[in-house]
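Here are some notes to go with your first look at this one. Keep the viewer open and follow along point by point.

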Amino acid sequence: MYQAGLVLEGGGMKGAYTAGVLDFFLDKGMEFSNVYGVSAGACMMCSYLSKQRERGYRIYVDYLDSKHYCSLDSLLTSGDLFNVKMCYDLIPNYLNPFDYETFEQYKGKAYAVVTNIKTGRAEYIRVKDAHTDLEAVRASSSLPLVSRNVKIGDNLYLDGGISDSIPLRKSILDGNRKNVVIMTKDINYVRKPASAKMLALLKVRYLKYPKIYELMKIRHLEYNATLDYMKRQEENGQAFVFRPETDCGVGRIEKDSAKLDALYKVGYEDGKKNYERLKAYLDD
């Protein structure tokens, strides 16, 4: 196991790229002592740590035609665009069973990044028992406006990407001298401000929790500043970054399985072509 941090950005179904890179890591037996997953990255983290090759990818493509997976019907009837019953019960327990035992044998530390909607702060919840800690993964993946708030203990949470989209700083603060970051945005990506319409909806929806509106209003500034920070860490040897050269036209919510398949393959090939350089970085 490498004594290093593995940081997994979110990005909805663009996480097919992450699934590809992680499956290459599984093929090479690569493990990391600390893993930080944000939103879709938290979901990919689970299948990676349970060592279930292609599971993350298959969950994206196998249920695209089901209104019970990701649909307007689910949003209107349950309050969640990604149906909670299907994503966090039917799939892991019946349709594509999650290997809870293997996950719990992982010797490192895994964290799901969530946003406390009252304080507006990122929190990093340790995921040790996938049975009991699955709510943290759900919270990390709960997009504002199209998901219900998730209660854990006495607090309410939403998507970790609202407050910390790329938790590289956290990983370094935790003492990880070397870090592998898997991005879902291409190398030329620069986040733009949220639209006025989006901000107006957020302001109304989270009237009791104004920190969400405040965070989303400046999210583009924080995200782009983090990109600059990450670039500096690359230059000084504290980060090794995977980024897709193309997102294959995959949207945050994608219904085209061919596009998802193409992006998954881009991720796997990026893992393969960078393997020797990555190994040299981690072994140094």
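1. A definition to begin with: two strands count as paired if DSSP finds at least two bridges between them. Keep in mind, too, that this is a predicted model.

2. Start at strand β1, residues 2–8. With that pairing rule in hand, look across to strand β2, residues 32–38: β1 and β2 run parallel and are joined by five bridges. If you want one spot to check by eye, find V7, which sits opposite Y36 in β2. To get from β1 to β2 the chain passes through helix α1, residues 16–27, and this β-α-β crossover is right-handed.

3. β1 has another partner as well. Strand β7, residues 179–182, pairs with β1 over four bridges, again in the parallel sense. Here the residue to click on is L6, whose bridge partner in β7 is V180.

4. How many of the seven residues of β1 are buried? Six of them are, so the strand is largely enclosed by the rest of the structure. While you are looking at strands, remember that in a regular strand the side chains alternate between the two faces of the sheet.

5. Now for an antiparallel pair. Strand β3 (residues 109–116) and strand β4 (residues 122–126) run antiparallel, with five bridges joining them. V114 has E123 in β4 as its bridge partner. The two strands make a hairpin with five residues between them, and G120 in the turn has a positive phi of about 80°.

6. Next, the enclosed spaces. You'll find three cavities of 30 Å³ or more in the model, and the largest cavity comes to about 570 Å³. Which residues are closest to its centre? They are C43, I59, C87, Y88 and S141, out of 30 that line the largest cavity.

7. Several helices help to wall in that largest cavity: α2 (40–49), α3 (55–61), α5 (84–95) and α7 (134–140) each supply at least two lining residues. Sorted by class, the lining of the largest cavity has 20 nonpolar residues, seven polar and three charged.

8. The largest pocket is worth a separate visit. It holds about 420 Å³ of space. P144, M198, M216, R219 and R252 are the closest to its centre among the 20 residues that line the pocket. Helices α9 (196–205) and α10 (210–235) each put at least two residues into the lining of the largest pocket, and α10 gives the most, with three. By class, that pocket lining splits into twelve nonpolar, three polar and five charged residues.

9. Last, the cysteines. How many disulfides does the structure hold? Zero. Take C87, which we met by the centre of the largest cavity: the closest cysteine sulfur, in C70, is 7.8 Å from the sulfur of C87, which is too far for a bond. C87 has 18% relative accessibility, so it counts as buried; the cut-off for that is under 20%.

10. C248 is in no disulfide either: its nearest cysteine sulfur is that of C70, 19 Å away. At 24% relative accessibility, C248 counts as partly exposed.

Methods
Residues are numbered from 1 along each chain as its sequence is written. This is a predicted model: local features need pLDDT of at least 70, side-chain atom pairs count only at pLDDT 80 or more; totals for chains, interfaces and linings use all residues. Side-chain values use heavy atoms; hydrogens and water are left out. Buried means under 20% relative accessible area, exposed over 50%, partly exposed in between (1.4 Å probe, protein chains only). A crossover is right-handed if, with the strands pointing away from the viewer, the path from the first strand over the helix to the second runs clockwise. On a 1 Å grid over the protein atoms alone, a cavity is a set of points where a 1.4 Å probe fits but cannot get out, and a pocket is an open set with protein on both sides within 12 Å along at least five of seven lines; lining residues have an atom within 4 Å of a point. Grid points are joined across faces, edges and corners, and a volume is the space filled by probe spheres set on the points. Ala, Val, Leu, Ile, Met, Phe, Trp, Tyr, Cys and Pro count as nonpolar, Asp, Glu, Lys and Arg as charged, and the others, Gly among them, as polar. A disulfide is a pair of cysteine sulfur atoms within 2.5 Å.
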